[in-house]
Amino acid sequence: MSRSTNQKLKILYVMQMLMDNTDEEHVMSMPEILAELKKRGIEAERKSVYDDIEKLKLFGLDILNRRSEPGGYYIASREFELPEVKLLVDAVQASKFITEKKSRELIKKIESLAGRYEAKELQNQVVVADRIKTMNESIYYNVDKIHSAISSNSKIRYKYCEWTTNKKLEAKKSGSYYVTSPWVLMWEDENYYLIAYDDLSNEMRHYRVDKMFSIEITKDRREGIEIYNNFDVAAFSRKTFGMFAGEEREIELRFDNNLIGVVIDRFGKSVHINMKEKNTFNIKVRVNISAQFYGWLAAFGSEVEIISPRSEAEKYTEYINGILRKYSRLK
């Protein structure tokens, strides 16, 4: 690279070294900046670097000059503050739909939003190994294709898989393609789901994106706009337990008062609380009745009770009795 080209890049090098190497606790003095420029083949005078820093400040960089020892220039604030970057790292780590390999790649890119010293602090919280992660490396291309299909108002076709006892994903429906109209992607239970209209059943259904393979965008226009316009994604999330489908019913539940936080976390602050007794409260909610819902109730033992309808209380009782029968041999 010629000397003149290096000189033209000088202001960019100054910006890069400040972004990479400084924060409120770490500064670069003018001699250090000049020395770093010299390593890049740039002979510079103090005045020209002062001018570059002023231009960078006008450009929008929050550069301050500390007068007290150790004195020097530093980036006082960034587009992403450290707590925000940590939040992004946590989200990537917690996401089961992101593979371990891709998690490490993404976290490395997220680290570039912070300075070198802050990146070291981020590394202290990075624990990807042994976390439950998907093994479908193509999920990013899946998400991209789904977004493209939604943008172009097109249906998609794909093979939908499930796990077998030999720990392999095998296509459902004997390998036949699913054809649905994609409407929205949602993140639930640490997984990515597609909400799509199925014209065979005339209803909205959800599919795990990491279990979708061989996705193709078709030339057919999407269907189900009327149903989607009346589809409440937030309500769907609240009433669906573990993203397992089931018959939707209105159900009245009685909880001990100490479970109020659990109820609000699950159903939101808008849920109506009926304080019929001193130590308990009742709620009426619409949920998809499934074994996963019963399992959620069972986790709270005697602190929750199905009040109505009676038929659902009886079904839940049979669910509990079925578990007990499994252990009857221990008597």
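**Figure 1. N202 sits in the loop between β6 (191–198) and β7 (203–208).** Although N202 is not a glycine, its phi is positive, at about 60°. Helices (H or I, at least four residues) and strands (E, at least two) are DSSP runs numbered from the N terminus. Please keep in mind that this is a predicted model, in which local features need pLDDT of at least 70 and side-chain atom pairs count only at pLDDT 80 or more, while totals for chains, interfaces and linings use all residues. Residues are numbered from 1 along each chain as its sequence is written, and side-chain values use heavy atoms, with hydrogens and water left out.

**Figure 2. A hairpin with a cis peptide bond in its loop joins β1 to β2.** The hairpin connects the two strands through 5 residues. Strand β1 (residues 62–66) and strand β2 (residues 72–77) run antiparallel and are joined by 5 bridges; strands count as paired if DSSP finds at least two bridges between them. Across the hairpin, N65 stands opposite Y73 in β2. Look for P70 in the loop between β1 and β2: the peptide bond leading from E69 to P70 is cis, with omega near -10°.

**Figure 3. Helices α2 and α3 pack obliquely.** Two packed helices are described by the angle between their axes and the distance between the axes. For helix α2 (residues 10–21) and helix α3 (residues 30–39), the angle is about 120° and the axes are 11 Å apart. Axes are lines fitted to C-alpha atoms, for helices over the stretch in contact, and angles run from 0 to 180 degrees between N-to-C directions. The two helices are therefore oblique to each other, given that angles under 35 degrees count as roughly parallel, over 145 as roughly antiparallel, 65 to 115 as roughly perpendicular and the rest as oblique. The crossing of α2 past α3 is right-handed (the near helix is turned clockwise from the far one by less than a right angle; anticlockwise would be left-handed). On the α2 side, K10, Y13, V14, M17 and L18 meet I33, E36 and L37 of α3, where contact means heavy atoms within 4.5 Å. By class, this contact of α2 with α3 has 6 nonpolar, no polar and 2 charged residues (Ala, Val, Leu, Ile, Met, Phe, Trp, Tyr, Cys and Pro count as nonpolar, Asp, Glu, Lys and Arg as charged, and the others, Gly among them, as polar).

**Figure 4. Helix α2 also packs against helix α4 (residues 46–59).** Here the angle is about 70° and the axes are 10 Å apart, which makes α2 roughly perpendicular to α4. This crossing, too, is right-handed. K10, I11, V14 and M15 of α2 make the contact with S48, V49, D52, I53, K55 and L56 of α4. These residues divide into 6 nonpolar, 1 polar and 3 charged.

**Figure 5. Helices α3 and α4 cross at roughly 100°.** Their axes come within 11 Å, and the two helices are therefore roughly perpendicular to each other. The α3 residues in this contact are M30, P31, I33, L34 and L37, and those of α4 are R46, V49, Y50 and I53. Sorted by class, the contact of α3 with α4 has 8 nonpolar, no polar and 1 charged residues.

**Figure 6. An aromatic pair links β3 and β5.** The model holds 15 aromatic pairs, counting rings of Phe, Tyr and Trp (its six-membered ring) whose centres lie within 6.5 Å; planes under 30 degrees apart count as stacked, over 60 as edge-to-face and the rest as tilted. One of these pairs is Y160 with Y178, which is edge-to-face, at 5.7 Å centre to centre with 65° between the planes. Y160 belongs to strand β3 (residues 154–163) and Y178 to strand β5 (residues 178–188), so this pair ties together parts that are 18 residues apart in sequence.

**Figure 7. Three strands form an open antiparallel sheet, with helix α13 lying across them.** The strand order is β10-β9-β11. β10 (280–289) and β11 (304–308) stand at the edges with a single partner strand each, so one side of each has no neighbour in the sheet. From one strand to the next, the twist averages 40°. Strand β9 (residues 247–256) pairs with β11 in the antiparallel sense over 4 bridges, and L253 has I306 in β11 as its bridge partner. Helix α13 (residues 310–326) lies across β9, β10 and β11, at about 140° to β11. P309 is found in the loop between β11 and α13, and the peptide bond from S308 to P309 is cis, with omega near -5°.
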